[in-house]
Amino acid sequence: IFSGSVDPSCFALSLSSLDFVMESLLLSVPFLNAGGDVEARLVKEESRVSVGHSVVLSRSAPAGAFPAKLAFRRLFAAAVLVGNSLKKLFSGSQGATVLLQVGSLVPSTWAAVPPHFHVIPRFSGDFSPNNMVYYHLHRLTPRAPGAVLPASLPKELLAESVDRHHGQLLSLCSSSTTSAVEDSSSADLGLGDATSVTRSEGLSASQRHAVNLDGANSHWYFAGYKNNRRTLVAETPQSFISVNLKPLSSGHLLVVPRRPVASLFNLSAEEVEDLADTCCLAVSTLLASRPDPGASLGMELCVQEGLVAGQTVDHVHVHVIPVWAGEAAFLSEPPIAEEEEALRRPPRTVEQMIAEAEGLRLCVGMASVLQADA
């Protein structure tokens, strides 16, 4: 469903042309190769936006397409492990920007590369304003002078760091059901302690993701903030999908783990898997919400890991930002103007958020069925 839902036609390349594009941007030898369809490479010095800038890519989906559910699960898990390794190897790193961009409406030099996450270690003072990192990624422009950054790491050190978790990564990334990783050690993954999960066997796809709106569950919590439960679009065993208080575009969603963990790298393996699956559900819900089912739709998924990367709430969350035709201007605005506009933009009322959530909840049932077939 995903590969046919985002128009990749303008990215059609022969294999040789694709390899040429990749070799012009990335080091030729991956430091991670998981199962043949997920790999991670360091970005070449002339193309990177910061030291340690790595790309985790999927070989199982064409450029411009959002990966199917299981492929995205493997891709997301690999991005988490790469980010965790980079954070440990760069002693001065205070966070990371983890970003996936797909679709013909996203103005990115990386559009010809198969679906991928940028994983960028962040350091104090590296970009000013903070969202300058996205500006450079969109244009592949050299990073402006800023903080003094550490020297690059040889890919062999990265490979060694990731390899310590490689067995668990393959267990998580190759599983077709959650049961395949229930016995895996999250400590070996470096992702914290596993938490219990309430299974919902015997329910239909739409029932599993329905928001519980009974009187005893009138609120949900994002870090310490109490929110009206009617602002939720869907929920899964370990995660919520919520509309956003100050959206960048129509349908800007947040995917939030139930457990209030500040860092992406402190989630359990089971939570990472559920978070990835819930991101897929958020994307498919937005696709199902299009008035014209054939309309092109770009998509950005972003995790701001740490205050230096722009995280302002100590509860990890994934921004799922649709890029609709006619609404892509925010991706090309100068960063300072964009940041100032974001500060000026008033938060929405609870009533406005509830109205949007109610409309999207109507699409969750269809999205769940389509996703189950992916």
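In the predicted model, glutamate 358 is partly exposed, its relative accessible area being 33%. This residue belongs to helix 10, which spans residues 350–372. Although glutamate 358 and valine 233 are separated by 125 residues in sequence, their C-alpha atoms lie 7.1 Å apart in space. Valine 233 falls within the range of strand 8 (232–235), which is one of the two edge strands of an open sheet and pairs on one side only.

Sequence-distant pairs also feature in the chain as a whole, where 70% of the contacts between residues at least 6 apart in sequence join residues at least 24 apart. The secondary structure of the protein chain amounts to 10 helices and 12 strands. Of its 374 residues, 55% are buried, while the exposed surface comes to about 15,100 Å², with carbon and sulfur atoms supplying 55% of that area.

The open sheet contains 10 strands in the order 1-2-3-5-4-11-12-10-9-8, and the pairing is antiparallel. Strand 1 (32–34) and strand 8 (232–235) form the edges, each being paired on one side only. On average, and with direction ignored, neighbouring strands of this sheet are turned by 20° against each other. In general, the strands of a sheet pair through backbone hydrogen bonds, in either a parallel or an antiparallel manner.

Within this order, strand 11 stands between strand 4 and strand 12. Strand 11, comprising residues 298–305, is mostly covered, as 8 of its 8 residues are buried. The covering applies to both faces, with Gly298, Glu300, Cys302 and Gln304 buried on one side and Met299, Leu301, Val303 and Glu305 buried on the other. Strand 4 (residues 95–102) runs antiparallel to strand 11 and is joined to it by 7 bridges, and strand 12 (residues 318–323), also antiparallel to strand 11, is joined to it by 5 bridges. In the pairing with strand 12, cysteine 302 has histidine 319 as its bridge partner. Strand 12 is further joined by 3 bridges to strand 10 (residues 253–257), again in an antiparallel arrangement, and here leucine 253 is the bridge partner of valine 320.

Leucine 100 offers a residue-level view of this part of the sheet. Located in strand 4, leucine 100 stands opposite leucine 301 of strand 11. With a relative accessibility of 0%, leucine 100 counts as buried, because it lies under the 20% limit that defines this class. When neighbours within four places in sequence are left aside, leucine 100 is in contact with Phe66, Phe72, Leu75, His116, Phe117, Met299, Glu300 and Leu301. The C-alpha atom of leucine 100 is also separated by 7.5 Å from that of proline 115, a residue 15 places away along the chain.

Two helices, helix 2 (residues 69–89) and helix 8 (residues 269–288), pack against strands and against each other. Helix 2 lies across strand 1, strand 2 (38–42), strand 3 (54–58), strand 4, strand 5 (116–122) and strand 11, and runs at about 15° to strand 5. Helix 8 packs on the sheet by touching strand 8, strand 9 (239–243), strand 10, strand 11 and strand 12, and its direction makes about 160° with that of strand 10. Strand 11 is thus named among the strands associated with helix 2 and among those touched by helix 8. The axes of the two helices come within 9 Å and cross at roughly 130°, and helix 2 and helix 8 are therefore oblique to each other. The crossing of helix 2 and helix 8 is right-handed, and the contact is made by Lys69, Phe72, Arg73, Phe76, Ala77 and Val80 of helix 2 together with Val272, Glu273, Leu275, Ala276, Asp277, Cys279 and Cys280 of helix 8. Phe72, which takes part in this contact between the helices, also appears among the contacts of leucine 100.

Two local backbone features were noted in loops. Most residues other than glycine have a negative phi, and most peptide bonds are trans. A cis peptide bond, with omega of about -5°, joins serine 128 and proline 129, and proline 129 lies in the loop between strand 5 and helix 3 (132–139). Alanine 223, a residue other than glycine, has a positive phi near 55° and is found in the loop between strand 6 (219–222) and strand 7 (225–228). At 23% relative accessibility, alanine 223 counts as partly exposed.

Methods: Residues are numbered from 1 along each chain as its sequence is written. This is a predicted model: local features need pLDDT of at least 70, side-chain atom pairs count only at pLDDT 80 or more; totals for chains, interfaces and linings use all residues. Side-chain values use heavy atoms; hydrogens and water are left out. Helices (H or I, at least four residues) and strands (E, at least two) are DSSP runs, numbered from the N terminus. Buried means under 20% relative accessible area, exposed over 50%, partly exposed in between (1.4 Å probe, protein chains only). Contact means heavy atoms within 4.5 Å. Accessible areas come from the Shrake-Rupley method with a 1.4 Å probe; for residues, only the protein chains shown count as cover. Two strands pair if DSSP finds at least two bridges between them. Axes are lines fitted to C-alpha atoms, for helices over the stretch in contact, and angles run from 0 to 180 degrees between N-to-C directions. Angles under 35 degrees count as roughly parallel, over 145 as roughly antiparallel, 65 to 115 as roughly perpendicular and the rest as oblique. A crossing is left-handed if the near helix is turned anticlockwise from the far one by less than a right angle, and right-handed if clockwise.
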